[in-house]
Each structure stands twice: as structure tokens, then as C-alpha cells.
Amino acid sequence: MLVTGAAGALGRATLTLLARLGVPATGLDLYDPGGLPADRVVTGDAGDAAAVRDALDGVDAVIHLAAIPAPTLGTPEEVFCGNTRATFVVLEEAGRAGVRRAAVASSFSVLGLPWSPRVLRPAYVPVDEALPLQVEDPYGLSKQADEATSSMMARRHGMSVVALRFPLLGGPGDKLGKTAARYADDPGSGVKELWTYLDLRDAAHAAFLAVTRPVSGYHAVFVTAPDILAPQPTEELLDRFHPEVERRAPLPGRAVPIDLGRAERLLGFTAGHPYTRDHAVEESS
Ligand SMILES: NC(=O)c1ccc[n+]([C@@H]2O[C@H](COP(=O)([O-])OP(=O)(O)OC[C@H]3O[C@@H](n4cnc5c(N)ncnc54)[C@H](O)[C@@H]3O)[C@@H](O)[C@H]2O)c1
């Protein structure tokens, strides 16, 4: 398998999973930090067709993660043009090389909520894949375009392409622990993310399922933990921060306000590493 963005947080978690499962893996990234658990590492830009062709040698499936993962980490042109070019080139070259399975990292940000300067309201909760998008930033737009590219490439090359709409990703001892502590003090700081999260190990597992389960054609799918990262009950948070948003199903306890039905049906995915405060203490001690 080819993993792009191999040196990043999710790339490393994915290579670690593939190594554990005994799946041969090639990594592609702009830089090679050394020590990546891959059989082969190609250094290059995922938007460069020659580098991608080199990386695709002997590959039967692609997990495309390479991207600038926030609109604040580059100019608007770098974020939008760099991300969308990479996705186009990786899927086009994969299709031309005969690869028929691909997963692409999309994002919860495709909804537009996280990076808007305003607090946008989703039309309804639980959020599902039919929810209208309201993108106002170059990163969210890059993921919206990546999803359109994925859908086109699935038809063009007869591939299966799954666009995984990841929420905030991290490990319990770092990003998730810090964010959980912030939400506990200031639950309003999580409203744009709807307090969603996913452990990197689960995100890697979802990516693996997306290229190995019997899937055909193109699908966008939300993959999140089944609970939220804030300690308060979900409906209490919605009453306080989104009182006017239509509720289409009960959200008992700290249930995530995302419909995970497609992830379960399509990929057989449920998160195996829910966040708990105990984990955070264990990992950081
Ligand atoms: N981290 C999150 O919370 C989160 C949430 C939702 C979606 N995502 C998506 O998941 C994917 C992985 O995110 P991450 O957290 O591992 O990010 P990261 O920044 O840790 O890793 C991204 C990696 O991609 C590489 N890269 C970027 N552009 C490249 C290019 N053009 N060619 C080759 N390599 C390139 C970088 O060098 C880096 O190693 C991204 O597509 C991101 O948009 C991340």
C-alpha cells in the first residue's frame, strides 16, 4: 500500500498499523524524518506526477493523507491549490497505474463550521453526509474539492474511493488531552467542532478498512468516536450553544452529534479507543 503524508501524525499511525498487520507499505512525504515504519520511503511532492509514479511502484491501494491540515498553516493559495493538486495527481496516477482501491483524508471541516470566523449552525443534528456544506475557508474548500475529485476519479478509473471525514485527531496524552481539558473549562471553545474527536489509531484503522472492505464507487463518510470530548452531556451543550438547531434523534449522555451509521454499514467501523481522562493521565505520567 502507498501512504502519502507518511511523516505526519496520521501517516505514522497508519504505517504503524500496516507494519503490525504485515502489510507491505511505501510512504511518500515532502521529507523523510528517518525511522518511519515503511518498507520504502519516497521523498517528494504528492502534487508531482513523477514522484507519485515512483511511489506507486508495486502498490495495489493508496491511502492519501498528504495535505496542509489547517488554513492557518499556509497562504490561502498554498492550502487550497497544494491540497487539491496533490489529491488530483495521486488519484489520477493511481488510476492510470491500475490501482483500484483508495482512501482520501477529508475532514469534518468540509462542513465549513470549524474555520468560519462566525459560529455557523448545522441545519440539523445528528450531522450526516447529506448535511449542506457552508464552507468559508480555503482548507474546507480544499476538502470539498478533494471529495469532488475523488468522486470523479472513482468513475473515471472504475476505482473505489472513500473520503474519510475525520474530526480532530490526536492521542490521549497530547492533543486530545489538552483539548478535553479546554472543553471542560470552556465548553464554548468546542462548538465549531461539535466537540468531536478521533484517536489517531482509530483513524488509521478506518483508513485501512476503507481500502480493504468490499466497497465499490465513491463514498464520503464521517468517522468519529461515538462520544464527545467535552465532559458535559451533549444535549445540555446543544441547549446552551445551538438551541435553534433541529434535533432529529435523541443524543443520550455524551453521544456524538454525528450519525455514524454509514461508517458502520460501509466500513464496519467503530472506534476502539474512546478518550478517557484516565488514559490521559496514564500516557502523560
Ligand atoms: N489532524 C487532524 O486533526 C485532522 C482532522 C481532519 C482531517 N485531517 C486530515 O488528515 C490528513 C493527515 O493529517 P495529519 O494530522 O497527519 O497532518 P500532519 O501535518 O501531521 O501530516 C501531513 C503530512 O503531509 C505532508 N505533506 C503535506 N503536503 C504534502 C505534499 N504536497 N506532498 C507530500 N507530502 C505532503 C507533510 O509533510 C506532513 O508530513 C490531512 O489530509 C488532514 O487534512 C487531519
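Q: Two residues are in contact if their C-beta atoms, placed from the backbone, lie within 7 Å; which residues does Ala203 touch, not counting those up to four places away in sequence?
A: The model is predicted, with local features requiring pLDDT of at least 70, side-chain atom pairs counted only at pLDDT 80 or more, and totals for chains, interfaces and linings taken over all residues. Numbering starts from 1 along each chain as its sequence is written. Ala203 is among the residues with the most contacts inside the largest nonpolar core, which has 92 residues (buried Ala, Val, Leu, Ile, Met, Phe, Trp, Tyr and Cys joined through C-beta atoms within 7 Å). Its partners are Leu10, Ala13, Phe166, Leu169, Leu198 and Val223.

Q: Which helix gives the most to this core?
A: Helices are DSSP runs of H or I, at least four residues, and strands are E runs of at least two, numbered from the N terminus. With 8 residues, the leading contributor is helix α6 (residues 200-212).

Q: Which elements are included in what covers the buried residues of α1?
A: A residue is buried if 20 or more other C-beta atoms lie within 10 Å of its own. In α1 the buried residues include Leu10, Arg12 and Ala13. The cover includes β1 (2-4), β2, β4 (62-64), β5, β8 (169-170) and α6.

Q: Which element gives the largest share of the shell around the ligand?
A: Of the 26 residues around the ligand (C-beta within 6 Å of it), Gly5, Gly8, Ala46, Ala67 and Ala105 come nearest. Elements giving two or more residues are α1 (9-21), β2 (26-29), α3 (76-96) and β5 (101-107). The largest share, 3 residues, comes from α1.

How values were computed: Buried ≥ 20, exposed ≤ 12 C-beta atoms within 10 Å, placed from the backbone.
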